[in-house]
Amino acid sequence: MIPIFLMKYVILENYEDLAVDQKGVMLESQCQQIIEQISETSYVHGEPSSMIDTEIAQLAAIYGGRIIIVNSNFRIILDTFGIDEDKVIISEEVLQSFLGSDSVNYNREYQFLEMTIPIPNRETNETEGVVIISVPTVDVDSGKASLSNTVLILQIVMSVLICLLAFYVARMLTKPFGKITKSLEEVQGGVIEQEISIPDYTETQLLAEAYNRMLKRMKIQEDSRQEFVSNVSHELKTPITSMKVLADSLLAQEEVPVELYKEFMSDIAEEIDRENKIISDLLSLVKMDKKSSDINIQETNINQLIELILKRLRPIAARHNIELVLESFKPILAEVDETKLTLALSNLVENGIKYNQEDGWVHVSLNVDSKYFYVKVEDSGIGIPEEAQEHIFERFYRVDKSHSREIGGTGLGLAITRSAVLMHHGAIKVYSKEGEGTTFTVRIPLKYVP
Ligand code: ADP
């Protein structure tokens, strides 16, 4: 609307300039006719001419203005107002006209137009006199006033139209946001199901798509959270149920032989250990899931770290007659969280031992390039079926539940490993063939970038 209001001034100014210009042009052309006649006579030198006098008087009357003729002595020889005759006039405009140029001045304040035009000598072409015409421009002003009214009406009509249009467009543009707000309120209220569609215009469509993607992610997260909670409850309940059954059966018998007591009690102790292991694994997993601010990065000798892991696991391997070999080619220093990486790699080596055959082997090899170090854990074990390979990193996933339970697995080991590797911005991959063995490869950056 600002341009609409400015428009008025531009139009009126332009109109005024144009009207004054036109008036000037007309006046000048009429004046030139009289000047030609003056030039042809000796009027400026005092020769009277009633015809010229009349024409000058007529022109002055038509425009309601004043015409003054000045001779070469700067003396006024004719003044249609009859006031200044015989007086001398020396003004800048008059002097300029004697030098041969016209001057046109428009006085906006007092609303009159003044022109000074030289009268040339017909023979010598030298300026022998000057005509000064001043005419009022009140008509320009009244034209301006009536134009101003028209423009004002136009302004009002345009303003109203613009207001209506702006209101309509604003309503139309903001309407889709109502839908988003409603949908967000529903999500706040717990309904994650509903996707939104706002095909009103491209931007809202993109917004709706981004929102729906976020909704889908939230739903997946919510589902996985619920599944995790139900898995945790189930896993925690299993040892307790076993303990309850064992204790109940002892209580149900009157005279229990000491051996049976001992046997049942050692079973109960085993279940307690199991419960303990699940809880400590869960705690490790929760720690890994936390933000990376919890990571305690230090420059660590990776060769030593792995040697220590193998040293700890060697007795367990020996129990199953499994050979544990480390191949490392170069000393490696890397910025890692020692505790978390130890836990991650221990799980891999432990699995290699757990899911192996009697007299099998586990080979751990260590390698490095300019950016990463690589740990490969290879075993001669039972392998992982192809369809299970994509699930083994999920929490509580076990290929063979009862076998894993027997050997003390919780299904959390690889989930912990993967979280720890991802915390270090690394990657983990599995290659396995059922019945032949499994290889896990881990790649971790040498420098930790938060
Ligand atoms: P668990 O505590 O049961 O070992 P993990 O998360 O460590 O849990 O492993 C998930 C499952 O992946 C295991 O139950 C097992 O079936 C399979 N698995 C893991 N590592 C190996 C391996 N080296 N060889 C064969 N199977 C493996």
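This passage describes the overall form of the chain and then looks at one helix and two buried residues.

The structure is a predicted model. Its secondary structure amounts to 11 helices and 12 strands. For anyone used to thinking in terms of globules, the overall dimensions are a good place to begin. The radius of gyration of the chain is 53 Å, whereas a compact globule of 450 residues would have one near 22 Å. The C-alpha trace tells a matching story in its principal axes, along which the chain spans about 160 × 55 × 35 Å.

Of the 450 residues in the chain, 37% are buried. The accessible surface comes to about 27000 Å², and carbon and sulfur atoms account for 57% of that area. Contacts also reach across the sequence: among those between residues at least 6 apart, 64% join residues at least 24 apart. As for charge, the chain carries 69 negative and 43 positive side chains, with 12 Å between the centres of the two sets.

Helix α6 offers a neat check on geometry. It covers residues 258–289, and its 32 residues should span 46 Å at 1.5 Å a residue; the C-alpha atoms at its ends are indeed 46 Å apart, so the expected and modelled spans agree. The buried residues of α6 include hydrophobic-looking names such as Phe-264, Ile-268, Ile-278, Leu-282, Leu-285 and Met-288, but also Glu-271, Arg-274, Glu-275 and Asp-281. Among the elements that cover these buried residues are α5 (202–252), α8, α10 (401–406) and α11 (413–423).

One of these covering helices, α8 (residues 338–354), contains Lys-340. Lys-340 has a relative accessible area of 11%, under the 20% cut-off, and therefore counts as buried. Beyond its neighbours within four places in sequence, Lys-340 is in contact with Lys-287, Met-288, Asp-294, Ile-295, Ala-420, Met-423 and His-424. Met-288 in this list is also one of the buried residues of α6.

Gly-381 provides a second buried site, this time in a loop, between β10 (372–379) and α9 (386–389). Its relative accessible area is 0%, and Gly-381 is therefore buried. Leaving out residues up to four places away in sequence, Gly-381 touches Tyr-355, Asn-356, Gln-357, Gly-435, Glu-436 and Gly-437. A rather different separation applies to Ser-183, which lies 198 residues from Gly-381 along the chain, with 52 Å between the two C-alpha atoms.

Conventions: Residues are numbered from 1 along each chain as its sequence is written. This is a predicted model: local features need pLDDT of at least 70, side-chain atom pairs count only at pLDDT 80 or more; totals for chains, interfaces and linings use all residues. Side-chain values use heavy atoms; hydrogens and water are left out. Helices (H or I, at least four residues) and strands (E, at least two) are DSSP runs, numbered from the N terminus. The radius of gyration is taken over C-alpha atoms; the globule rule is 2.2 Å times the number of residues to the power 0.38. Buried means under 20% relative accessible area, exposed over 50%, partly exposed in between (1.4 Å probe, protein chains only). Contact means heavy atoms within 4.5 Å. Accessible areas come from the Shrake-Rupley method with a 1.4 Å probe; for residues, only the protein chains shown count as cover. Lys and Arg count as positive and Asp and Glu as negative; His and the chain ends are not counted. The place of a charge is taken as NZ of Lys, CZ of Arg, CG of Asp or CD of Glu. The expected span of a helix is 1.5 Å times one less than its number of residues.
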